[in-house]
Structures are given as structure tokens and as C-alpha cells.
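Labels in structural biology rest on rules. Let us test a few of them, one question at a time.

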Amino acid sequence: MSLDRPRPSAPILRMLLTETAASFLSSLRSPSFILPTLAFPIGFYALFGLVLSRGEGAAASLLASFGLIGVIGPALFGFGVSVAAERESGELDLQRLSPLPVWGFLFARLAMCVLFGMIVLAILYGLAVGPGNVRLARTQWLALAASQLASAIPMGLLGLSLGLRLPSQSAGGVINVVFLVLAALGGLWLPVQILPEVLQRFAQFLPTFHMGALSLAAIGRGDGALWLHLGVLGAFTALFAILAARGWARACAR
Amino acid sequence: MSLRVSTFSVLALPAGFLGLLFALPGAPAAAPKAADAIAITNVSVFDGEALLPAPQTVMIRGGKIEAMAANLPIPKDAQRIDGKGDTLLPGLIDAHTHIYGDVLKDAARFGVTLELDMFTAPQSLRALQAGREDGSNVDRADVYSAGMLATAPGGHGTEYGVPIETLTKPDQAQGWVDRRIAEGSDWIKIVYERPRPNERYATIDQPTMAALVAAAHARGKLALAHALGAGAAQDFLAAGGDGLVHVPVEPLPTEMIERAKARGVFVIPTLSVQEAFAGGTQGGEVLMSPDSRARLSRTQKSTLAVPDRPYFPAGSLEGAQANVRAMHGAGMVILAGTDAPNPGTAHGASLHAELRLLTAAGLTPIEALRAATSAPADAFKLSARGRIKAGGQADLVLVSGDPTKDISATQRIKAVWRNGLSVPMQIVQAQGVALAPMAVSDFQSGLASAFGVDWHPTTDAMIGGNSTAKVIRTPDGNLRLSGEVKPGAFTAWAGASLAFSEDWSALKDVRGLSAIVFRARGTPASFRLMAFGENLSGIPAEARFQIGPEWREVRIAWSALPSLDPSALRAIALAAGPEAGRYELEIDDVRFE
């Protein structure tokens, strides 16, 4: 990429922090971002996980899947929709001229998504232990949070590669569809076992299915194929990273 | 909002989130808390294979067997248990059970630390399997399970009210197996018989059965079969099946047994349930044994009650035993399993009866002990189970005496450890509110009772049946029950029930009462009083009564319901069945005396 980037004049850490904060702040000010990413998972968890849930353990297992929805949403939208807009408005070119390296920009954006994920998870976990009466061991809470927050990485990369390619006018719509398909068919809205057989098979080709399996494993409901799920997610992450890198190169070449 | 505040939040948010994770109400920790060390000294050890030649000292710490030797220095902090005259066994494995309700503590109190479930509702699977890998279960048995079973529409397994995905064609097999694995099935259980005239249950055909075996093997899972007919068992083994979950009753050809032995096929005879279904009394003996009685929960007592008439024809137990004898003689792997909680059996308790039945069928006590420890661990590839070895999981049973000489010694349990922690032997269960003699319902105004709760229709639809019931109050002030009993459920009934609260949560203690009395008339037939105890998953206790077209007084003593624990009655029902047919019954003046 460009070699004539200005040399950083401020310590890189402070720049990262400032960029993350700016990114976080601008997202906070955008209702079209906050509403679907915050309100949806919390509202639906309250409905399906707490009000309508029956049988022991539903509040806990739905916490695993709705927590993922809560993290995946900001990651897809935060990268996808805003990058598409920034690319077209020329902000991205501006970004490339700034002293912050490309990875710093991406890191800050990812950190923003993770921060949002933390807000959603904090509220969901609060609902789970309060009205949901979910009890997990400390190691399970930590593993659950880690597995869910880590999902921001592949999903952020997917959002980025979409945002770098899609026109800003259609980015929101397309990413919404991608989000819903990944969440619903990956078994995060409803357990994959109740889907028709064809869809059950299809689910295994979605990264969200494997994320769900990992989050369930974190709370002691794993299916035993931990390494398989980790491997598949690693492959997806690599794939999305390649797509994002190529998209970036394309956007730069223009 | 200034940028500064926002910068602060970037740092504060993760810190706060991490703080929250640590502040969330902790559950029992995933790992057992490092128990104080326990030293069992001077104890005979059956290690899963054989009785060790000399008494041992066994050190338990942190959920594991830390060390075992004839002579060990005992650390100061260790709790000492003198094992002189006692025998230490690996936690016992029941290789054939069904888990409904809260029964795993019942199993642990009887030294059964692992149950291999052969069919349960798939939605309860994950919860049952929880904790088996990380050693976090310390007061209940762990579970591995087949989950849903493979059967035909209307086949065996469909009669319990658990929704079942049935199949009929070989090309459905792989998808079916894959869905079970996704649900959490640890192996595949297939119900298969050769079709016979007048058979109550439908069955999948031979090609579908063979396709299921191949589909399970394609995914590295064991394929097991419920095949009671000799021909069915033969077909299953020819298709490459790995194990039989019951011993067939019909004589098995010698060459079939030889081939099964050569291929390493195992059999779980489940003589306990076969004995109970043939009208045997082994279950009743367990119920009455002073070694067991104090450790039996209400649920165990109710399921141990033997059926009121044999389900199996005479001679079936002898046939099963003869087959076990032949299989054992040929050197086949035999695993101890009970099929609890079928009528006449109970989780935990019945495994001890099974060990006795196996020795009666030709196994030595040591061979019977292997059948409940190392043999099932090997057959199901559960390497951490079924053996006592340094570094292994501390699932242990201490019994008084030497079960390698006298198998009944397994019932004299002194202590059970799960993951290094002692299993509580006391039973915690709800107590009903005592009732005094009282009028219950005179039906002068509606369907009400003295408990403020109405009489309601009840049918076997509760367990998946098809019977119908209508309950009305007649103009002259009687309760009229009408409808039709239809076959379909495991046991068919239809009638009216009265619980002591609308949600069936209230329990009553009827020990201070002698009988339930009411007036009745209707279609001349046999009706029954059903009494639902605390645990609704067992079969309800019942007593029959006869009526005719004229009013007569019916009096049924509570003692006529031997399997009911009178200290915890949840509901009663007056019902027709299990014989199919239309019925009409009028009831008046119900009272408790």
C-alpha cells in the first residue's frame, strides 16, 4: 500500500485510543446503528428467553445465542454500513492520509464493535441472572463472554469486506439481510434442531452455527466437537480476512 | 458529550465489563472444590478387573485418586477412613436406563456413578450430560445417552408421549443419525424386530435397520439394538451392529453367539426388567431389603412396585437366563444394565439386583462386578470410568464385606464418592399436609371439591394416548364421566381427576386416613382408582373396583395402593381402562375416611 504515509507524530497507543473513542462516539450518535444492535437482541432475549421460555436451561442456552446476536450486529453494521458510507464520501481516503496506520484504523473500529458488544452483553447477562435466574460458574461466565466477544473478529472482517464493495445506499439493506440470514439459519434465533432437515444441513456451512456451538460449550452444553468448531471458525476468519484485504486493495486502487 | 469523556469510557467500559463478569452470582464452581484429602486405609480393592492381592491405602484428593499402594504415608490434613473388612469398588455403571425426572441422585446413593441412558427426550439431553467431562457433578450420577431412538411410526418407543422422529426407509438413515448426533446422542439405539402377525408395535424393516447401523458407523458411533426376537438379533448382528441392549428371550443359535463373540459384540441382558415383567419379585426384595430401604426415595419405591400382572409370558425369564448362560459360556462381553425405571425396577437400587441375577445366570461375582465397571467403560470407550487407578477419577463405592465372594455385599454400602466428594445418603423430599377424615365432593353445586379445586377430565393423552373423557355434573347432582378408552399409550385410561391445587403442586399426607369412599354406578365394567404420588413420571398406583347399573358404595383402603407413598399424594383419579371400549360412570358423595 502507500509508502508515502506521514510518519506518526503521536504515540501510537494514544492515537488508537482517540480513534476508538471517536468511532464509538459517532456510533453512539447514530440511532440507525444503536437501535438494531442494542434493542433487538435485548428485546428478543427478554421475550424468548425470559417471558416465553419453558423448561430448565432455556434462559441459559438462549443467553448463549442472543449474546452472539448482540455482538455480531455491531460488528457487521459498524464495519459494513459505515465503511461503505465513508468510502463513498471520501472519508476513507482521508483516513489513509492520516498518521494512523491502516491496521490502527481497523483495530479502533473493531474495538468500538467490541465495546458495543460489551454493553449488550452486560445488559443480557443482567437480565439472565435477574429475571432469568441463570447461574453459571465464574469460569463459564468468562468463557461465554470471551467466545461471544471473539465472534466480533470474523464478523467485523465480513462486514468490512462487504462495506468495501457495496454502494453505500444498498449496504444497509444487504448487510441487514446477511445479518438476519446468519443469525436465523445459523440457529441463533431458534435452535437449529427445530429447522427443516435441509436447513439444518445448510446451517453447518454458516460461521454463526459454529459460534453458537462454542458459546454453548462455554456454558457446559458443548457437543464435544470443540476443535472442529474452532477450526471452521479459523478458516472463516482467514477467508473473510482475505476478502477484506482484497477489497481494501481494490478500494485503494480506485 | 466531550471526546474526553468518551476516551475515558473506552477504558472504563472493558474494565466495568470484566468487573461485572466477576460480580455475577456464582454458581457451584465448574470444578469440584479441592476436597480435603481422604485416606481409605487397609481396604480390599476390586480395581475393575480383579481383587488386588493385598489390602491397600487409597488417597483421594482434588477429585482424583492421588495414589494407591499397600503402604502410603498419610498426610496430616487427610481424613482417615478405616477400610478393614470393607471393599472399595469403582463407581458402578448401569448400562441401560431411561432418565425422566430427578433420579440421578437416587442412582448415586446406590453407588451408581454413571448411567448409560438408552432413550430419553432429546430436549433434556444437554442438561443430563452437563458436568460429565469436567468432574463438576458431586452428588449425582453422570450420563451418556442414546437420546432419541430409531423406530417406525407406531413402533416401540412411540408409546410414551415423547415426540419421536420415526423413519421407514434406508435413505432416511444418514440424515436421521446426523440429527441425533447434532442433538447430542452419544450412540445410536435402534428398535428392530422381524415383522410378525398380531404384533402390537410396528417395526422398521431390515434394510432400514442395516442403513442405520452403517450411518452410525460412518460417524464413528456405536449402533445398538433393542431386538427381542432371535431372528431380529441375528439380522442386527449380520448388519454389523455393536451391541444388544436386551438379551433375546428365544433360544439363540450357537453359531450366532460364536460369531458375536468373535466380533466383540456386547450384550446388556437387563434381567432385572425381564424378571419384573415376567412377574418376578427381585424388585420387591430390593424394596424390602434393610440395606436399601433407608436410601430409597419415593420415586424409587414407586417404580420398584411390580406390575399387577406379568407383561411377558411364562418362561420368558428362563429363556433370557439361558441365553445369558450361553453367551457368557462362549465368552461374549456382558454388561450390567437394569432398564430402570420400568415397572419393578429403580435407578441405582436395581443394579444390585441385576448383579445377583447375572451371577444366577452363570457369571462369577468378579465377572458380574466387571460387567458393572471396566466392561461397560471399555465397551463405550469411557477410559476415565470403571477402574480404580492412581490418577483416575475418584468415583468410588465402599461396601462392607467381600462382593468378589458374595455379590450381595454390593448392597451393604458404607459410602459413595463422586469426584472425590462424599455423596449424601439422606433423602430430601417434600412432605404432604396431613388430612383428617372429611367430605370431599357431593356435587350439589358444580364440580367443586372441599379443596376448592374442581374435578377435571384426565386421559392417557398425558403420555401420548388417544382416549377421550367428558366430565359433567348431572342435574340431580352427580359426577358423570363418559368417553372411550382407546389403545395407544403404554397404559390407557380415561376418567376424572381431582388434585389438591389447580397446578397439581399441593401434596397431602393421607396416613391418618383409612379409605376413600364414594357411591357409583355405570356401565358394568372394571374401573380403577388411580393415585398420583409426588413423582408423576412413574406409573400411578391403582386399585380396581367393580360397578353395575345400580348405585352402590365403593370403599377402597389406601393400603390397597401399596406402591403409593401415603405421605405425599398429589392427585386421585377415577378412570376406565386399560381395556379399550366406551364407558359411562356416575359418582356421588366422595369422602375420605
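**Helices and an interface**

Q: Why are helix 6 of chain A and helix 7 of chain A called roughly parallel to each other?
A: This is a predicted model. Helix 6 (residues 138–150) and helix 7 (residues 152–163) of chain A pack at an angle of about 15°. Angles under 35 degrees count as roughly parallel. Therefore helix 6 and helix 7 of chain A are roughly parallel.

Q: Which residues make the contact between helix 6 and helix 7 of chain A?
A: Helix 6 of chain A gives A:Q148, A:L149 and A:A150. Helix 7 of chain A gives A:A152, A:I153 and A:P154. By class, five are nonpolar, one is polar and none is charged.

Q: What makes the interface of chain A and chain B one with zero salt bridges?
A: A salt bridge needs a side-chain nitrogen of Lys or Arg within 4 Å of a carboxyl oxygen of Asp or Glu. Across this interface the rule finds zero such pairs. The side of chain A that touches chain B does have eight charged residues, along with 19 nonpolar and seven polar ones.

Q: How many residue pairs are in polar contact between chain A and chain B?
A: The count is one, with both residues at pLDDT 80 or more.

Q: What area is buried between chain A and chain B?
A: About 2700 Å² is buried, and carbon and sulfur atoms give 74% of it. In chain A, A:L17, A:M118 and A:R138 lose the most area to chain B.

Key
Residues are numbered from 1 along each chain as its sequence is written. Chains are lettered from A and ligands numbered from 1 in the order in which they are written. This is a predicted model: local features need pLDDT of at least 70, side-chain atom pairs count only at pLDDT 80 or more; totals for chains, interfaces and linings use all residues. Side-chain values use heavy atoms; hydrogens and water are left out. Axes are lines fitted to C-alpha atoms, for helices over the stretch in contact, and angles run from 0 to 180 degrees between N-to-C directions. Helices (H or I, at least four residues) and strands (E, at least two) are DSSP runs, numbered from the N terminus. Angles under 35 degrees count as roughly parallel, over 145 as roughly antiparallel, 65 to 115 as roughly perpendicular and the rest as oblique. Contact means heavy atoms within 4.5 Å. Ala, Val, Leu, Ile, Met, Phe, Trp, Tyr, Cys and Pro count as nonpolar, Asp, Glu, Lys and Arg as charged, and the others, Gly among them, as polar. Buried area is the accessible area (1.4 Å probe) that two parts lose on being put together, summed over both. A polar contact is a pair of N or O atoms within 3.5 Å; within protein, one must be able to donate a hydrogen and the other to accept it, and residues adjacent in sequence count only if both atoms are side-chain atoms.
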